[in-house]
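Here are a few notes to read alongside the structure. Take them one at a time, and find each residue on the model as you go.

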Amino acid sequence: MPTFEEATQRFLAQKVIAVAGVSSTNKDAANYIFEKLKQTGYEAYAINPNATEIEGEKCYANLASTPKLPDAVVIAANPAASLSISRE
């Protein structure tokens with residue numbers, strides 16, 4: 001089993017990362033993660049089925065609607081939504 005540091009490095013080695021749970025009304029943890037990924041050069045996609053734009057960036061309803069299939073996904077959504085996202 002990889003250490004936490006190894007798992008983190010493996011995750012951050014991905015190029016395309018989706019962030020599920022971004023909010024159009026609040027600055028939630030997912031919003032900060034999304035912003036940081038964009039600022040550091042990742043191709044990041046915001047996922048929220050109830051929004052079309054988050055902080056000037058296009059927002060996608062689900063993983064299947066993103067232009068590229070993400071290499072990794074950060075799930076920072078409520079528990080009910082998290083189960084649905086993990087099934088995608």
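Which residue forms a salt bridge with E57?

1. The partner is K38, and the closest N and O atoms of this salt bridge are 3.6 Å apart. E57 lies in strand 4 and K38 in helix 2, so the pair ties together parts that are 19 residues apart in sequence. Both ends are partly exposed: E57 has a relative accessible area of 31%, and K38 one of 33%. Please keep in mind that this is a predicted model.

2. Now have a look at K27, which takes part in a network of salt bridges with E35 and E55. With E35, the side chain of K27 meets in a salt bridge of 2.4 Å, N to O. With E55, the closest N and O atoms are 3.4 Å apart. K27 and E55 come from distant parts of the chain, 28 residues apart: K27 sits in the loop between strand 1 (16–20) and helix 2 (29–39), while E55 is in the loop between strand 3 and strand 4. A search of the whole structure finds 4 salt bridges.

3. Is E35 buried or exposed? E35 is buried, because its relative accessible area is 18% and the cut-off for buried is under 20%. Its partner K27 is partly exposed at 43% relative accessibility, and E55 is also partly exposed, at 44%.

4. E55 is worth a second look for its backbone. The hairpin of strand 3 and strand 4 has 2 residues between the strands, and there E55 takes a positive phi near 50°. These two strands pair in the antiparallel sense over 2 bridges, with E53 standing opposite K58 in strand 4.

5. Strand 4 (residues 57–60) also pairs with strand 2 (residues 43–47), here in the parallel sense and over 2 bridges. To find this pairing on the model, start at A46: its bridge partner in strand 4 is C59.

6. Finally, follow the chain to T66, in the loop between strand 4 and strand 5 (72–75). Where do polar atoms of the T66 side chain find backbone oxygens? One is the backbone oxygen of L63, 2.8 Å away, and another is that of K68, at 2.7 Å. Leaving aside neighbours within four places in sequence, T66 is in contact with Y45, I47 and Y60. T66 counts as buried because its relative accessible area is 8%, which is under the 20% cut-off.

How values were computed: Residues are numbered from 1 along each chain as its sequence is written. This is a predicted model: local features need pLDDT of at least 70, side-chain atom pairs count only at pLDDT 80 or more; totals for chains, interfaces and linings use all residues. Side-chain values use heavy atoms; hydrogens and water are left out. Two strands pair if DSSP finds at least two bridges between them. Helices (H or I, at least four residues) and strands (E, at least two) are DSSP runs, numbered from the N terminus. Buried means under 20% relative accessible area, exposed over 50%, partly exposed in between (1.4 Å probe, protein chains only). A polar contact is a pair of N or O atoms within 3.5 Å; within protein, one must be able to donate a hydrogen and the other to accept it, and residues adjacent in sequence count only if both atoms are side-chain atoms. Contact means heavy atoms within 4.5 Å.
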